[in-house]
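Please look at the sequence and the three-dimensional structure shown here before reading on. The report then goes through the fold step by step.

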Amino acid sequence: MTITDQATGQATDVGGRSRLLELNGISKWFGAVHALTDVDFEVYPGEVVALVGDNGAGKSTLVKTIAGIYRPDAGEIRFEGHPVTINGPQDVARLGISVVYQDLALCDNLDVVANLYLGREEISPGLPSTVTPLDEVAMERRAIEVLRGLSVKIPSVRTAVASLSGGQRQSVAVARSVMWNARIVLLDEPTAALGVPQTRQVLDLIHRLREQGLGVVVISHNLADVFEVADRIVVLRLGRRVATFDVHDASREDIVAAITGADFAPDEEDADELEASGELEGAPATVSTAPTADATGRGVPR
Ligand SMILES: Nc1ncnc2c1ncn2[C@@H]1O[C@H](COP(=O)(O)OP(=O)(O)OP(=O)(O)O)[C@@H](O)[C@H]1O
Ligand SMILES: [Mg+2]
């Protein structure tokens, strides 16, 4: 996989594919807080991008800007190469961009079918317009089809969402977000509240979304999940994109260093070895494994 050269801003392809979504120079202010500064971001079809960073780094602001909740103060958004103006969540849905927020926004008292169709219910054909019963059979059939296509296992599509596990609820929320022609799905902390088997279920689901050619953006604080599921890792720090890693070339330490912006000292064993070999003499007190910032301060592409 070839990663884009962020230093030149050159629009290139990953594996010959074009970018689905592209953000160029996005800035967002909240009063005196510069939540995003000149951020570039791109999503290709069939890839999982992990968006990581410390609390307050700007991850949610970036996702909400893509989702049409915030309007950027500067910068440009392109979809399939064309500049787009996003005036709200409807515009975003029309483009095929879907967001699953952490609170999921499911209706606990309704069953799985009703949740998948919330606001998009199918009406039985051939009935007078004064009577509009829902076409429950068609909705149920399609619900089963969608969940099966994503290998989501739930006891029954007629189960109330309240009685599902956290992983199953997350899966229903993801299924709902992708069943209406989604091309890109953004997941804000999809595994934060989940146990091990439930996390497994959600990570498997993310793999299947990628296999189906969707672009997936995952915000996560869990580096184990990130390494398991992502193709690329984009690091935000204090509202700036500071580094991008190909997951195969990155170590956990690289990511942590980029997130915190701190050079970290070698552990004692490494320091002893370096001292014994004389390498430490005259060397700086700390050893940085963080990617070197390029001229634009956006970090080195991998
Ligand atoms: N609606 C808002 N009004 C004012 N300031 C905001 C608003 N939303 C975010 N901010 C500020 O913008 C910065 C980025 O916040 P954001 O929520 O995007 O961070 P985050 O990376 O998602 O953090 P976390 O990991 O804690 O969710 C923070 O300094 C935050 O206080
Ligand atoms: Mg957040």
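What follows is a short report on the overall make-up, the interior, the ligand shell and a few single residues.

**Confidence and overall make-up**

The model is predicted, and it is therefore sensible to begin with the confidence that the predictor attaches to each residue. The protein chain averages a pLDDT of 79, and 75% of the residues score at least 70. Two stretches fall below 50: residues 1–13, which have 30 contacts in the model beyond near neighbours in sequence, and residues 264–271, which have 8 such contacts. Where pLDDT is low, the predicted coordinates should not be read in detail.

The secondary structure of the protein chain comes to 9 helices and 10 strands. Of its 302 residues, 38% count as buried. If one takes the contacts between residues at least 6 apart in sequence, 67% of them join residues at least 24 apart.

**The nonpolar interior**

The largest nonpolar core holds 74 residues, and within this core L51, V185, V218, I233 and V235 touch the most other members. V218 can serve as an example: when residues up to four places away in sequence are not counted, V218 touches V48, A50, L51, L187, P190, I206, V229 and A230.

L20 offers another view of how separate parts of the sequence meet. This residue is found in the segment before β1 (21–30), and L20 counts as buried because 23 C-beta neighbours lie inside 10 Å, where 20 or more are required. Leaving aside neighbours within four places in sequence, L20 is in contact with V43, Y44, P45, E80, R183, I184 and G215. L20 and L214 are 194 residues apart in sequence, yet their C-alpha atoms are 9.3 Å apart in space.

**The shell around ligand 1**

Which residues surround ligand 1? They are F30, V33, A35, G53, N55, G56, A57, G58, K59, S60 and T61. The elements that give two or more residues to this shell are β2 (33–43) and α1 (59–66), and α1 gives the most, with 3 residues. By class, the shell has 4 nonpolar, 6 polar and 1 charged residues.

**A helix and some positive phi angles**

Helix α4 covers residues 136–149, which makes 14 residues, and from its first C-alpha to its last it reaches 20 Å, close to the 20 Å expected at 1.5 Å a residue. Just after α4, S151 takes a positive phi of about 50°.

Positive phi values are also found at E80, which is not a glycine, and at L238, likewise a residue other than glycine. The table sets the surroundings of these two residues side by side.

| Residue | Loop | Other C-beta atoms within 10 Å |
|---|---|---|
| E80 | between β4 (74–79) and β5 (82–83) | 14 C-beta atoms |
| L238 | between β9 (232–237) and β10 (240–246) | 15 C-beta atoms |

Are E80 and L238 buried or exposed? E80 is partly exposed, because the 14 other C-beta atoms within 10 Å lie in between the limits of 12 or fewer for exposed and 20 or more for buried. L238 is also partly exposed, because 15 other C-beta atoms lie within 10 Å. E80 appears in the account of L20 as well, as one of the residues in contact with L20.

Definitions and conventions. Residues numbered from 1 in each chain as written. Chains lettered and ligands numbered in written order. Predicted model: local features only at pLDDT ≥ 70, side-chain atom pairs only at ≥ 80, totals over all residues. Near = placed C-beta within 6 Å. Helix = DSSP H or I, 4+ residues; strand = E, 2+ residues; numbered from the N terminus. Nonpolar A, V, L, I, M, F, W, Y, C, P; charged D, E, K, R; others polar. pLDDT = per-residue confidence, 0-100. Contact = placed C-beta atoms within 7 Å. Core = buried A, V, L, I, M, F, W, Y, C linked by C-beta atoms within 7 Å. Expected span 1.5 Å × (residues − 1).
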